[in-house]
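Please find below some notes on the structure, set out as numbered points. They are meant to be read with the sequence and the model side by side.

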Amino acid sequence: MKNPSVILFALLLGAFGLRGQGSPDYGSGMKINFNEKGSKYMRFVLWNQIWARSIDNNPGTMVNGTPSDNTFDIGARRIRVLAYSQISPRYMVVLHFGVNNQSFVQGGGSGTAGTGGYGAGKKPQMFFHDAYSEYALIQPAKDKKFSMSFGAGLHYFNGISRMTSASTLNFLAVDAPVFNWPLIENSDQFARLFGMYVKGKWGKLDYRLNINKPFATSLAPVNSTTDAVAVDNNGDSRLSKGGYAMYQFLDQESNLLPYTVGTYVGTKRVLNIGAGFYNQPDGTMSALNGVKSKHDITSMAIDAFVDMPIGDKKKNMAITAYTVLYSNDFGPNYLRNTGIMNPGVADPAFTGTKALAGAGNARPLMGTGSIWYTQAGLLLPKNSDAPKLRVQPFVAYTLKKLDALPAAGSYFDIGSNFYIDGHNSKITLQYSSRPVYSTKDNISDYKGEFVIQFANYL
């Protein structure tokens with residue numbers, strides 16, 4: 001009979017996308033053994049995602065003091081380190097830290113500005129993303145259908161959808177659409193919250209439930225005499241509740257770590273359907289005719305994921321597809337605009353019609369209403385002359401119907417992954433199109449953004 005710690009270690013590799021999707025030469029990676037058998041250990045994972053982009057800026061954009069219609073930049077979307085230790089079959093500790101979104105004009109440490117040694121965008125602050133401990137109350141075993149573990153700390157066992165706990169190592173597209181993390185950097189810490197969770201399996205049902213204390217938000221609502229507009233203001237925040245469950249029809253995915261895989265690159269046969277929720281009482285506030293009102297935040301989602309080989313085994317082709325429908329209620333007319341690594345700010349001298357979302361690559365990210373997102377990819381056949389090099393074209397589509405906007409918005413992504421050594425080393429190309437809502441409350445234009453990502457992990 002195999003050592004249970006060795007089995008758990010193998011499951012951990014799969015849980016973080018470190019087995020199958022990566023290089024066959026990777027082995028067990030960077031591991032420090034605490035005993036001769038290697039059943040007690042600490043493991044480290046390091047990765048970075050470097051982006052080179054060409055951005056069509058929204059009208060009225062200024063970049064570092066210069067009016068700019070288009071911006072080219074190179075920056076770090078993510079630079080991360082993960083360390084976890086399984087010192088007992090029942091007990092695990094996880095630490096995950098790093099930096100995000102550092103470019104030539106943003107992402108610097110506290111107090112950075114202007115030029116020089118502490119200029120804007122330099123010396124970013126490194127912070128913890130995950131820091132939690134977990135104890136297996138009912139250990140998983142082949143002869144048992146039910147398992148349960150309890151954990152506490154700054155964690156990523158989120159509710160709502162599969163993609164709300166997505167691993168950043170193995171996306172199908174160049175990145176997540178970001179609205180899959182509905183609280184991102186408002187009442188959470190980069191998609192994490194302090195709290196407690198239980199997770200486990202019941203036959204083919206994979207589940208996770210959590211109770212968290214959201215980070216404080218304190219935006220002042222703008223008084224309106226016509227339509228109330230909710231903003232993030234939770235005061236002494238009340239506890240939030242969330243959860244997600246998925247039924248796994250075919251191969252079973254590991255849930256020892258919270259991170260869900262974006263594409264298995266033809267190494268598993270997965271077919272899942274899932275549903276989740278999130279609720280925080282009094283999470284936002286609005287002001288109408290001088291009267292302030294609190295509103296609950298409630299989000300729900302249903303989704304489906306398929307990833308499996310197709311056709312001739314020698315060609316090793318595979319399909320990956322994911323679809324999710326979100327229903328979000330942040331209070332009346334709530335709307336949040338943002339752009340990933342946005343290089344622009346508003347140009348005060350611009351006299352034309354500005355974008356409702358703001359400058360740079362900002363777009364209406366999320367709000368009260370519904371969002372439908374779908375992506376699909378095809379892993380092309382192996383090349384016998386270069387078997388490690390794999391090509392995986394993909395497309396993605398988003399439809400947002402948000403109460404605060406006069407018209408639904410369509411967003412398109414098309415690109416391809418070029419795997420040099422699985423997810424351990426890959427290059428991703430993607431072109432994205434976004435609608436531009438003018439300050440006259442209509443879609444006045446579409447803007448594009450081209451990204452080349454260089455991604456590696458060890």
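**Notes on the predicted model**

1. A hairpin of six residues links strand S20 to strand S21. The model is a predicted one, and the points below should be read with that in mind.

2. The two strands of this hairpin are S20, residues 390-402, and S21, residues 409-419. They run antiparallel and are joined by 11 bridges. Within this pairing, Tyr397 has Phe412 of S21 as its bridge partner.

3. S20 also pairs with strand S19, which covers residues 369-379. This pairing is antiparallel too and has nine bridges. Here Ser370 lies opposite Lys401 of S20.

4. Which side chains of S20 are buried, and which are not? Arg390, Gln392, Phe394, Ala396, Thr398, Lys400 and Leu402 point to one face and are buried. Val391, Pro393, Val395, Tyr397, Leu399 and Lys401 point to the other face and are not buried. Note that the buried face includes Arg390 and Lys400, while Tyr397, the partner of Phe412, is on the face that is not buried.

5. A separate point concerns an open sheet of three strands, in the order S4-S3-S17 with antiparallel pairing. Its edge strands are S4 (66-67) and S17 (345-346), each of which pairs on one side only. Strand S3, residues 61-63, is joined to S4 by two bridges. Val63 has Thr66 in S4 as its bridge partner.

6. On the surface, Tyr135, Leu137, Ile138, Phe150 and Met196 make a nonpolar patch of about 440 Å². Strand S7, residues 127-138, gives the largest share of the patch, with three residues. Tyr135 is located in S7. Is Tyr135 buried or exposed? Tyr135 counts as partly exposed because its relative accessibility is 39%, and the partly exposed class lies between 20% and 50%.

7. How many cavities of 30 Å³ or more does the structure hold? There are eight, and the largest cavity has about 430 Å³ of space. It is lined by 28 residues, of which Ile340, Arg363, Asp413, Gln430 and Ser432 are the closest to its centre.

8. Which strands each supply at least two residues of the lining of the largest cavity? They are S18 (363-367), S20, S21, S22 (425-437) and S23 (443-457). Both strands of the hairpin in point 1, S20 and S21, are therefore to be looked at again when the lining of this cavity is examined.

Terms used
Residues numbered from 1 in each chain as written. Predicted model: local features only at pLDDT ≥ 70, side-chain atom pairs only at ≥ 80, totals over all residues. Heavy atoms only, no water. Pairing = 2+ DSSP bridges. Helix = DSSP H or I, 4+ residues; strand = E, 2+ residues; numbered from the N terminus. Buried < 20%, exposed > 50% of the residue type's maximum accessible area, 1.4 Å probe, protein only. Patch = residues over 30% accessible without salt bridge, like charges linked within 9 Å, V, L, I, M, F, W, Y side chains within 5 Å. Areas by Shrake-Rupley, 256 points an atom, 1.4 Å probe, with all protein chains shown as cover. Salt bridge = Lys/Arg side-chain N within 4 Å of Asp/Glu carboxyl O. 1 Å grid on protein atoms, 1.4 Å probe; cavity = no way out; pocket = protein on both sides within 12 Å on 5 of 7 lines; lining within 4 Å. Points joined across faces, edges and corners; volume = space filled by probe spheres on them.
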